[in-house]
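Here are some comments on the model you sent, set out as numbered points so that each can be checked against the coordinates in turn.

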Amino acid sequence: MTLVSSLLECLKNQTIGGVVEELVLFVGPLWISLLIGIVIGWVWRPKWVDLGRDKLGCSVSNHSSSSSSSHPLSIAPPSLSFGSIPSLTSLKNQLPNFTSWVSDDVVEKETLQPSESKCSSSQQETPLLVAREDLEHLCQLVEVKDGGPTWIQMMDRSTPTMSYQAWRRDPETGPPQYRSRTVYEDVTPELMRDFFWDDEFRAQWDDMLIYCKTLEECPTTGTMVVHWIRKFPFFCSDREYIIGRRIWESGRSYYCVTKGVPCSTIPRRNKPRRVDLYYSSWCIRAAESNRGDGQLTACEVILFHHEDMGIPREIAKLGVRQGMWGAVKKIEPGLRAYQKHRASEASLSRCAFMAQINSKINADYLRSLESTSGNSEEESLPLTEKPLGKNIPKFLVVGGAVILACSLDRGLLTKAVIFGVARRFAKIGRTL
């Protein structure tokens, strides 16, 4: 309404020359904001297209179990290279189509053919994709003795059946790293371990996971290599992960390591984009209930996560900060549904069965890791950052949104999202 009323004010009681002059002054800032947006997008262009389709070698013989599963879903909740500034037409062509996943999934299924397993009881895991060094690193992270930067607290929230705390740190190189501590009431560590490992059930609560398949598994150590495709927002292409994972057990504490591993048998494609740098590992153990009864009826999950999604660093940090609590709250309903599923004595999925094959470690070994770790870091006060839109004039944000929405023929949904994002940035800047 403000935009329309301003335009009518320009046209009121004016000669033709005056009207032209007022319109130029009115529309000029809008086009300036558009040009600024294009320049910023060009400067922040992702690097992955410039690198081309690099071939990633791997010495691993691949295997797919007969019980491996794929879950292509029809719905979905963490890149361009320009020689010159692109026109609006080329910008439209670069935006991913919502329906492009369907054809990608067909090709994906054709490229993933199972091969015979190379792991037996007389062999080590396929060759140490997830090794003891990964366990040692996770233990140091859990004890906050890895020698890295100080963790900065981001969040501390809770519900009647769950408490959640999150921290972030920014290493000199690489993406931001995140650490969280979640305590779930009335859950055993064993159930929580199986829940996070069960890709078949994950598709029922994780709406970002649109494809998963087991590529390799070792029945001796429980090591697995899985292929994931995750749904990203419409302005990003989907992301593809080749993940190696393994669990170590000490008493009723479980150290679960998952990380990106190399593999040459699945070719790289433009869509979905392959994420090579990926680390998501956690420690699961019994914890005292928040009810204060002194009983170890709760389960503590300490998570460490970072990945290079190919998104500008500050934008990725803003997205994580805004969406973190919403994503965390989605996990608990899935967990409670999994409790009921397991209580019904339903048969175990292959992934849940593999989650119960753990490498045993003793407490003395863990204590030795703690004594040889680096110095402990102190946690700082809660994070206070200046919002991204503080110094952006409101008329530039809104004007850029008007031009972009009118230029892109993507229907009402796209325009609504663009205006919503612009309004949020403008609101952030106005409130400071």
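1. Strands in this note are DSSP runs of E covering at least two residues, numbered from the N terminus. On that basis Glu-249 belongs to strand 6, which spans residues 239–250. Glu-249 has a relative accessibility of 15% and therefore counts as buried, the cut-off being under 20%. Apart from neighbours within four places in sequence, Glu-249 is in contact with Tyr-254 and with Asn-358, Ser-359, Lys-360 and Ile-361.

2. As to the overall picture, this is a predicted model, and the remarks here should be read with that in mind. The chain holds 13 helices and 11 strands, and of its 432 residues 45% are buried. The exposed area of the chain is about 22400 Å², of which carbon and sulfur atoms supply 57%.

3. Which residues touch the most other members of the largest nonpolar core? They are Tyr-184, Met-192, Phe-195, Ile-284, Val-301 and Met-324, in a core that numbers 48 residues. Helix 9 gives the most to this core, contributing 8 residues. A second core, separate from this one and made up of 20 residues, includes Val-130, Val-142, Tyr-279 and Leu-369.

4. Ile-284, named above among those core residues, has a list of contacts that can be checked one by one. Once residues up to four places away in sequence are set aside, Ile-284 touches Pro-189, Met-192, Arg-193 and Phe-196, then Arg-252, Ser-253, Tyr-254 and Cys-256, and finally Cys-299, Glu-300 and Val-301.

5. Helix 7, which covers residues 189–197, packs against helix 9 at an angle of about 110°, and the two axes are 10 Å apart. Because angles from 65 to 115 degrees count as roughly perpendicular, helix 7 is described as roughly perpendicular to helix 9. On the side of helix 7 the contact is made by Leu-191, Met-192, Asp-194 and Phe-195, while helix 9 brings Ile-331, Gly-334, Leu-335, Tyr-338, Gln-339 and Arg-342. By class, the residues of this contact divide into 6 nonpolar, 2 polar and 2 charged.

6. Is helix 7 mostly covered or mostly open? It is mostly covered, since 8 of its 9 residues are buried, a label given to relative accessible areas under 20%. The buried residues of helix 7 are Pro-189, Leu-191, Met-192, Arg-193, Asp-194, Phe-195, Phe-196 and Trp-197, so that the charged residues Arg-193 and Asp-194 are included in the list.

7. Ile-331, one of the helix 9 residues in the contact with helix 7, lies in a helix that runs over residues 313–343. With 17% relative accessibility, Ile-331 counts as buried. Leaving out neighbours within four places in sequence, the contacts of Ile-331 are Tyr-184, Phe-195 and Trp-205. The C-alpha atom of Ile-331 is separated by 9.7 Å from that of Arg-202, although the two residues are 129 residues apart along the chain.

8. Leu-369, which is included in the second core, is found in helix 11, residues 363–371. Leu-369 is buried, its relative accessible area being 7%. Not counting residues up to four places away in sequence, Leu-369 touches Glu-136 and Cys-139. Leu-369 and Gln-140 are 229 residues apart along the chain, yet their C-alpha atoms are separated by 7.3 Å.

9. The backbone deserves a separate look, because most residues other than glycine have a negative phi and most peptide bonds are trans. The peptide bond from Lys-271 to Pro-272 is cis, with omega near -5°, and Pro-272 sits in the loop between strand 7 (253–260) and strand 8 (273–274).

10. Two residues other than glycine with a positive phi may be inspected together. Val-144 has a phi of about 55° and lies in the loop between helix 6 (132–142) and strand 1 (152–159), where a relative accessible area of 9% makes Val-144 buried. Glu-345 has a phi near 60° and is found in the loop between helix 9 and helix 10 (350–355); at 73% relative accessibility, Glu-345 counts as exposed.

Terms used: Residues are numbered from 1 along each chain as its sequence is written. This is a predicted model: local features need pLDDT of at least 70, side-chain atom pairs count only at pLDDT 80 or more; totals for chains, interfaces and linings use all residues. Side-chain values use heavy atoms; hydrogens and water are left out. Helices (H or I, at least four residues) and strands (E, at least two) are DSSP runs, numbered from the N terminus. Buried means under 20% relative accessible area, exposed over 50%, partly exposed in between (1.4 Å probe, protein chains only). Contact means heavy atoms within 4.5 Å. A nonpolar core is a set of buried Ala, Val, Leu, Ile, Met, Phe, Trp, Tyr and Cys residues joined through side-chain atoms within 4.5 Å. Accessible areas come from the Shrake-Rupley method with a 1.4 Å probe; for residues, only the protein chains shown count as cover. Axes are lines fitted to C-alpha atoms, for helices over the stretch in contact, and angles run from 0 to 180 degrees between N-to-C directions. Angles under 35 degrees count as roughly parallel, over 145 as roughly antiparallel, 65 to 115 as roughly perpendicular and the rest as oblique.
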